[in-house]
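Colleague: I would like to learn how to read a fold from its helices and strands. Can you take me through one model?

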Amino acid sequence: MTRVIDRLRPGKTVFSVEFFPAKTDEEERQLWRAIRELEPLDPAYVSVTYGAGGSSRDRTVRTTGRIASDTTLVPVAHLTGVNHSIAELRHVIGSYAAEGITNVLAIRGDPPGDPMGEWIPHPEGITYADELVRLVRECGDFSVGVAAFPHLHPRSVDLESDTRHMVNKLRAGADFAVAQMFLKPEDFLRLRDRLAQHGCDQPLLPGIMPITTPRVLGMTTQLSNMTIPDEVSAVLDPLRDDAAAFRAAGLEITTRLCEKLIAEGVPALHFYSLNRAKATREVVANLGLADGVLKAA
Ligand SMILES: Cc1cc2nc3c(=O)[nH]c(=O)nc-3n(C[C@H](O)[C@H](O)[C@H](O)COP(=O)(O)OP(=O)(O)OC[C@H]3O[C@@H](n4cnc5c(N)ncnc54)[C@H](O)[C@@H]3O)c2cc1C
């Protein structure tokens, strides 16, 4: 099975796509429509998030396994340490291996319910992501990714400790890192510089949420610990009641952000797809990242 790092090459920006496991039959159909619509564009990899509950976790294993067996895509399975003992984590990692998955995004996770609630580690589990990185590495020949935060992790007390912990996580054996969403390229580039200053040269992928609706814009800020930049508000706020104009302007802003990141030599753009293909396809077409398959509108 292909490893993520083998799909990232210096000098050429590619793209990857993130999905979440479906809860209902209708969501499942939607998810697979999106996967099938993105497959011909040959993304570097596609990843599936890991939920807080047992059934959603099983769906992550199943969905990622089906991507491995039924598509030409390179799957990455997310894994968190929430409410898991080390023995259970080993079991999930074994299930991934049995499904032929060799790429894992190792994440500490948030307390279920309130993401900023108190983190209570499982008595036989892990406390921070670096421990999970080591565990996945110990369990087999996996390519391991970690999460990164251009606006600092919401729990971090300062830039210095945030950077130190991020560096520890990379040094624990991560091959690549994927960043939370942001809207100003400088915020991502400063994070990249901070890691480079500590000798961490693993590929760092910017996380991109195509802005299609006011709700999606709201999610972006909520998840990423940032405020909407003035220049983005100035364009989008007057369009909040005009869905088509908001979407067009939002995707234009997303495209311009991606262009700046490509000019800065990022290895791949990681799209948070919300299990829909259309917006990602449009931005990828605008950027010419799937020429021959897609043409810009
Ligand atoms: C790309 C990406 C994918 C994600 N996928 C999922 C998913 O599939 N499922 C899900 O539930 N959530 C997911 N999340 C959200 C993630 O679970 C939360 O952001 C979580 O709060 C942090 O996880 P982490 O791996 O970054 O934690 P950590 O790296 O452990 O960091 C958590 C906090 O602890 C600090 N810290 C780290 N090590 C130490 C230490 N030794 N001592 C003291 N402090 C320390 C860090 O600075 C940070 O403030 C994802 C986030 C991103 C960016």
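Modeller: We go through one helix, one strand and the ligand shell. Keep in mind that this is a predicted model.

Colleague: Start with the helix. How many residues does H5 have, and what span does it reach?

Modeller: Compare the end-to-end C-alpha distance with the expected one. Helix H5, residues 159-171, has 13 residues. From first C-alpha to last, H5 reaches 18 Å, close to the 18 Å expected at 1.5 Å a residue.

Colleague: Which residues of H5 are buried?

Modeller: Burial here is a neighbour count: 20 or more other C-beta atoms within 10 Å makes a residue buried. In H5, Met166, Lys169 and Leu170 are buried. They cover an arc of only 100° around the axis, which puts them on the same side of H5.

Colleague: And which exposed residues does the face turned away from that side carry?

Modeller: Exposed means 12 or fewer such neighbours. On H5, Glu160 and Ser161 are the exposed residues of the face turned away from the buried side.

Colleague: What covers the buried residues of H5?

Modeller: Look for contacts from other elements. The cover includes helices H4 (129-139) and H6 (185-197). It also includes strands S5 (143-148) and S6 (176-181).

Colleague: What follows H5?

Modeller: Check the backbone angles there. Gly173 follows H5, and its phi is positive, near 130°.

Colleague: Now a strand. Is S7 enclosed or open?

Modeller: Count its buried residues, then sort them by face. Strand S7, residues 204-208, has five of five buried, so it is largely enclosed by the rest of the structure. Leu204, Pro206 and Ile208 are on one side, with Leu205 and Gly207 on the other; both faces are covered.

Colleague: In what sense do S6 and S7 pair, parallel or antiparallel?

Modeller: Read the bridges. S6 and S7 pair in the parallel sense over three bridges. Ala177 has Leu204 in S7 as its bridge partner. With H6, these two strands make a right-handed β-α-β unit.

Colleague: How many bridges join S7 to S8?

Modeller: Two, and S7 and S8 (residues 268-272) run parallel. Gly207 stands opposite His270 in S8.

Colleague: Last, the ligand. How many residues surround it, and which are closest?

Modeller: List the shell, then map it to elements. There are 21 residues around the ligand, and the closest are Thr49, His78, Arg108, Ala129 and Ala147. Strands S3 (75-80) and S4 (103-107), along with H5 and S6, each give two or more residues to the shell.

Colleague: Which element gives the largest share?

Modeller: H5 does, with three residues.

Note on methods:
Residues numbered from 1 in each chain as written. Predicted model: local features only at pLDDT ≥ 70, side-chain atom pairs only at ≥ 80, totals over all residues. Helix = DSSP H or I, 4+ residues; strand = E, 2+ residues; numbered from the N terminus. Expected span 1.5 Å × (residues − 1). Arc of directions from axis to C-beta. Contact = placed C-beta atoms within 7 Å. Pairing = 2+ DSSP bridges. Right-handed = clockwise from strand over helix to strand, strands pointing away. Near = placed C-beta within 6 Å.
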